[in-house]
Amino acid sequence: MKRRLLLLAPIAVAAWLLPYGLGGYTMHVVDVAVIFAILAIGLGLTMGVAGQINLAQVAFFGVGAYTVAILTTRTGLSFWPAAVLAILAAVAAGLLVGIPALRMQSHYLGIVTLGLALGFINWVTNAGIAGRAEGISNIPVPPLFGIDLSSGYLFYYLELVVFALVLAFALFVTRSPLGRRMRAMRDDGLAAGALGAEIPLLRMTAFVLSGLYGGVAGLLYAGLIQFVAPETFSISNMFLLLAMVIIGGRASVIGCVIGALGLAFVREALLDVSAYAQLGYGIVVVLVVVFFPQGLAGLPAQVFRRKARERPRLAPFVPYDEAPPTPARTALEIDQVTKRFKGLVALQDVSLSVPVREIRGIVGPNGSGKTTLFNVISGFYTPTAGRVRLDGNAVTGLTPYRLSLEGIARTFQNLRLFEDLTVRDNVLVALDRTRTSWIWRYLALPWAVAGYDRSLRGRAEEVLQRFGLSDFADAIPRLLPYGIQRRVEIARAMASSPSLLLLDEPAAGLNGDEVGRLAEIVRSIRDSGVTVVVIEHNMGLVMSLCDHITVLSGGRVIADGSPDEVAVDPRVVEAYLGDSMTAPTEREAEHDHADR
Ligand SMILES: Nc1ncnc2c1ncn2[C@@H]1O[C@H](COP(=O)(O)OP(=O)(O)OP(=O)(O)O)[C@@H](O)[C@H]1O
């Protein structure tokens with residue numbers, strides 16, 4: 001923190017002294033560049049942090065600028081009330097553009113946001129109230145305690161203060177639990193949802209933030225230039241903005257600022273050859289996307305690769321304290337659940353009930369419906385018929401994030417870690433148990449958010465230590481050995497303090513030792529009071545670990561009982577097409593008894 005302040009102080013002093021050496025025109029270029037930097041931060045928040053393609057940022061900018069222009073020149077409202085309304089209008093535009101993001105993603109979202117931006121340009125070019133192609137002039141200079149802001153030099157200081165505030169807010173948001181959830185959503189929306197992130201609201205929040213930054217930039221632009229016209233909000237400027245964010249580094253707020261300031265000056269220098277300059281930006285953007293996807297912001301990390309800890313070590317798992325015995329009750333009840341996909345019946349009248357503190361195994365041949373059952377329990381699929389109860393409460397059809405907050409956590413057959421978040425951040429995402437409606441605190445009570453984040457960080461270290469992952473806290477999951485990634489996924493699921501843990505093939509890809517340690521972890525989780533349901537193909541593990549096994553075949557329950565019972569059930573043997581299962585399972589069942 002101290003080092004950061006030491007770094008910040010000279011930058012702040014240089015920014016404050018900057019106008020002293022500049023001519024009038026250069027000052028104007030700087031003023032415009034700062035406005036683009038604010039716009040770029042907004043775009044970085046939606047595209048880089050939240051992963052939502054947003055080609056309407058220039059329209060939010062336009063809504064802000066035009067609202068000030070129309071209200072001040074047509075209705076006689078003074079500048080600052082018009083500015084407040086401009087921010088509200090741009091935020092409303094953000095909400096409007098965010099609505100399609102609830103249903104579509106990636107290039108579809110790009111096309112829709114681009115369409116909305118074009119619609120805006122069309123409207124201002126044709127509407128009388130917006131001055132058509134000629135635009136609106138004579139926008140009043142913002143009054144400010146008698147300071148003459150018609151001077152580009154003095155306006156710069158207003159911009160500087162606003163810029164410092166919006167930059168600090170963006171940095172605060174991206175480093176907070178909200179920013180982490182947004183990055184988690186960007187990396188894997190399904191997994192983020194299963195860990196309690198309310199994806200639709202998060203997407204809307206990203207667009208609202210974009211609108212907010214667009215509105216602030218727009219009102220500053222109207223106050224600076226005192227004139228607005230459609231060409232400022234054109235698609236070519238949208239692409240310039242995109243180039244700024246991509247070259248600077250879309251996932252980094254500082255990268256976006258550097259990209260915006262840098263390209264604003266390059267654009268000025270290339271004004272005489274602007275047609276070729278556009279082509280040049282395009283080529284540079286493509287090169288950056290291919291060779292430096294993190295943009296300029298990612299370069300320091302590439303050059304000064306953080307020295308890895310010497311021989312990071314997977315430490316032993318520290319068992320949970322055993323929970324005192326509780327009265328017997330049903331933790332999970334599946335009642336006559338059917339799931340159809342068009343013609344295909346993946347689950348047919350499946351019923352099972354899992355008592356609290358049991359390890360339940362779900363086995364069955366490939367395609368028998370095991371993962372579909374998990375998807376129904378965790379809210380990814382709504383069952384065609386039937387009910388799911390958690391601790392006696394009906395939870396059928398609830399969304400994954402609600403079920404996560406209700407106490408269900410899961411892992412995935414094909415690991416779904418947040419690949420660009422560190423191991424610590426993966427765990428931190430799961431530790432955050434707040435609803436998205438909590439986000440008003442980011443504006444009203446930022447210190448409470450900072451305190452909450454500190455408490456989460458403390459708990460994250462505990463989780464990492466328990467799972468022996470402390471040495472890997474700063475690592476990027478995809479660079480870790482598979483066995484460690486599997487452990488990170490279980491640690492992340494447990495960080496959400498579940499009452500029911502669903503493990504989908506947790507032993508897949510693990511070697512013999514790792515499978516042994518996995519069994520030890522799962523038993524400890526059960527002993528801590530958590531009910532565990534595990535899908536597994538490793539029959540040795542299933543037989544030694546599970547208290548009770550349910551066998552699925554063709555979407556139906558064909559057997560249900562203790563490991564010993566199902567191992568010799570002829571329907572099970574038949575379902576596995578032969579008796580290959582019997583020999584090892586019996587052996588393991590014996591081994592299990594010996595263990596106890
Ligand atoms: N979203 C979906 N759309 C259509 N069919 C699906 C969908 N999800 C699953 N299925 C089908 O449902 C059936 C059961 O699949 P499921 O993945 O649940 O089996 P599984 O027992 O988990 O198999 P495996 O052991 O190979 O993971 C399969 O025939 C599968 O193709």
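Author: Two strands pair if DSSP finds at least two bridges between them. The model discussed here is predicted.

Reader: In E2, which residue is the bridge partner of Thr330?
Author: Strand E1 covers residues 330-341, and E1 pairs with E2 in the antiparallel sense. The two strands share 8 bridges. In one of them, the E2 partner of Thr330 is Pro355.

Reader: In the hairpin of E1 and E2, which residue takes a positive phi?
Author: The hairpin leaves 2 residues between the strands. The positive phi is near 45°. It belongs to Lys342.

Reader: Which residue in E4 does Glu333 stand opposite?
Author: E1 also pairs with strand E4, residues 385-390. That pairing is antiparallel, over 5 bridges. In E4, the residue opposite Glu333 is Arg389.

Reader: Which are the edge strands of the open sheet of 4 strands?
Author: The order is E2-E1-E4-E5, with antiparallel pairing. E4 and E5 join over 2 bridges, and Leu390 stands opposite Asn393 in E5. An edge strand pairs on one side only, and here the edges are E2 and E5 (393-394).

Reader: What is the order of the open sheet of 6 strands?
Author: The pairing in this sheet is mixed. Its edge strands are E6 (408-410) and E10 (556-561). From one strand to the next, the twist averages 20°. The order is E6-E7-E8-E3-E9-E10.

Reader: In which sense do E6 and E7 pair, parallel or antiparallel?
Author: Strand E7 spans residues 500-504, and 3 bridges link E7 to E6. Ile408 stands opposite Leu500 in E7. The sense of the pairing is parallel.

Reader: At about what angle does H14 run to E7?
Author: H14 lies across several strands: E3 (359-363), E6, E7, E8 (531-535) and E9 (548-553). With respect to E7, the helix runs at about 150°.

Reader: Which element gives the most to the shell around the ligand?
Author: The residues around the ligand are Phe341, Leu344, Ala346, Gly364, Asn366, Gly367, Ser368, Gly369, Lys370, Thr371, Thr372 and Gln413. Two elements give two or more residues to this shell, strand E2 (344-355) and helix H14 (370-377). With 3 residues, the element that gives the most is H14.

Reader: How many residues of the shell around the ligand are polar?
Author: The shell has 3 nonpolar residues and 1 charged residue. Gly counts as polar here. The number of polar residues is 8.

Reader: At roughly what angle do the axes of helix H4 and helix H9 cross?
Author: Two packed helices are described by the angle between their axes and the distance between the axes. Helix H4 holds residues 79-103 and helix H9 holds residues 199-225. Their axes come within 7 Å and cross at roughly 145°.

Reader: Is the crossing of H4 and H9 left-handed or right-handed?
Author: The contact of H4 with H9 has 19 nonpolar, 8 polar and 1 charged residues. The crossing itself is right-handed.

Reader: How far apart are the end C-alpha atoms of residues 239-266?
Author: UniProt, in an unreviewed entry, places the feature "transmembrane region" at several spans, including 33-51 and 239-266. Residues 33-51 are 89% helix and 0% strand, with end C-alpha atoms 25 Å apart. Residues 239-266 are 86% helix and 0% strand. The end C-alpha atoms of residues 239-266 are apart by 15 Å.

Technical notes. Residues numbered from 1 in each chain as written. Predicted model: local features only at pLDDT ≥ 70, side-chain atom pairs only at ≥ 80, totals over all residues. Near = placed C-beta within 6 Å. Axes fitted to C-alpha atoms, helices over the stretch in contact; angles between N-to-C directions. Left-handed = near helix turned anticlockwise from the far one by under 90°. UniProt positions renumbered as here; feature names shortened; annotations may be inferred. Contact = placed C-beta atoms within 7 Å.
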